[in-house]
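Student: I have a structure open and would like to go through its sheet and one of its pockets. Could you guide me?

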Amino acid sequence: GRSYLGYGLGACIVGVAGYLVAHCNIPKLRDFTLSRAVPPALNGMDKQLKRVKKELFKSLEGRVLDVGAGTGSYIKYSHNLPISEYVALEPFPYLIPALKKNADASMTDAQQRGESHPPVTVLNQR
């Protein structure tokens with residue numbers, strides 16, 4: 001149905017972006033795809049997988065390392081869990097603004113609802 005179409009389209013956009021990063025010699029096309037097309041695609045995929053992600057996060061505790069954090073769509077699932085620190089590692093600088101925005105929004109949302117939220121560290125390394 002409709003939900004699978006949304007997930008499939010998002011996965012397709014992310015796949016094309018990965019190909020462009022690896023093979024594209026046109027920096028403007030690569031940069032546009034990573035900064036403009038990938039964040040909405042990842043957010044759409046996040047909506048489709050919300051239940052699965054919530055279930056996965058239930059058992060996390062201590063320090064969490066999110067390798068290839070993308071736009072930070074997993075951060076919001078760390079509310080009210082025994083997580084001491086959330087480290088989001090994203091190698092592509094084009095996704096860092098969306099990642100930081102989502103991390104800040106998640107922490108603000110948790111504060112407004114009176115929930116605990118671990119500190120988030122965003123790292124950009126290749």
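**Sheet and pocket**

Tutor: Let us begin with one residue pair: Ala 88 stands opposite Val 122 in S3. Please keep in mind that this is a predicted model.

Student: How many bridges join S2 to S3, then?

Tutor: Strand S2 (residues 83-89) and strand S3 (residues 120-123) are joined by four bridges, and the two run parallel.

Student: And what do S2, H4 and S3 make?

Tutor: Together with helix H4 (residues 96-112), S2 and S3 form a right-handed β-α-β unit.

Student: What is the order of strands in the sheet?

Tutor: The sheet is open, has three strands and follows the order S1-S2-S3, with parallel pairing.

Student: Which strands stand at the edges?

Tutor: Strand S1 (62-67) and S3 do; each has a single partner strand, so one side of each has no neighbour in the sheet.

Student: By how much are neighbouring strands turned against each other?

Tutor: On average the turn is 15°, with direction ignored.

Student: Over how many bridges do S1 and S2 pair?

Tutor: Six bridges link S1 and S2, in the parallel sense. As for individual residues, Leu 65 has Val 87 in S2 as its bridge partner.

Student: Where does H4 pack?

Tutor: H4 packs on the sheet, where it touches S2 and S3. The direction of H4 makes about 180° with that of S3.

Student: New topic: how much space lies in the second largest pocket?

Tutor: That pocket holds about 230 Å³ of space.

Student: Which elements give two or more residues to its lining?

Tutor: Those elements are helix H2 (27-48) and H4. H4 provides the largest share of the lining, four residues.

Student: Which residues line this second largest pocket?

Tutor: Among them are Asn 43, Asp 46, Lys 47, Asn 102, Ala 105, Ser 106 and Asp 109. The lining also includes Gly 72, Ser 73, Lys 76, His 79 and Arg 113.

Student: How many of the lining residues are nonpolar, polar or charged?

Tutor: The lining of the second largest pocket has six polar residues, five charged ones and one nonpolar residue.

Definitions and conventions:
Residues numbered from 1 in each chain as written. Predicted model: local features only at pLDDT ≥ 70, side-chain atom pairs only at ≥ 80, totals over all residues. Heavy atoms only, no water. Pairing = 2+ DSSP bridges. Right-handed = clockwise from strand over helix to strand, strands pointing away. Axes fitted to C-alpha atoms, helices over the stretch in contact; angles between N-to-C directions. Contact = heavy atoms within 4.5 Å. 1 Å grid on protein atoms, 1.4 Å probe; cavity = no way out; pocket = protein on both sides within 12 Å on 5 of 7 lines; lining within 4 Å. Points joined across faces, edges and corners; volume = space filled by probe spheres on them. Nonpolar A, V, L, I, M, F, W, Y, C, P; charged D, E, K, R; others polar.
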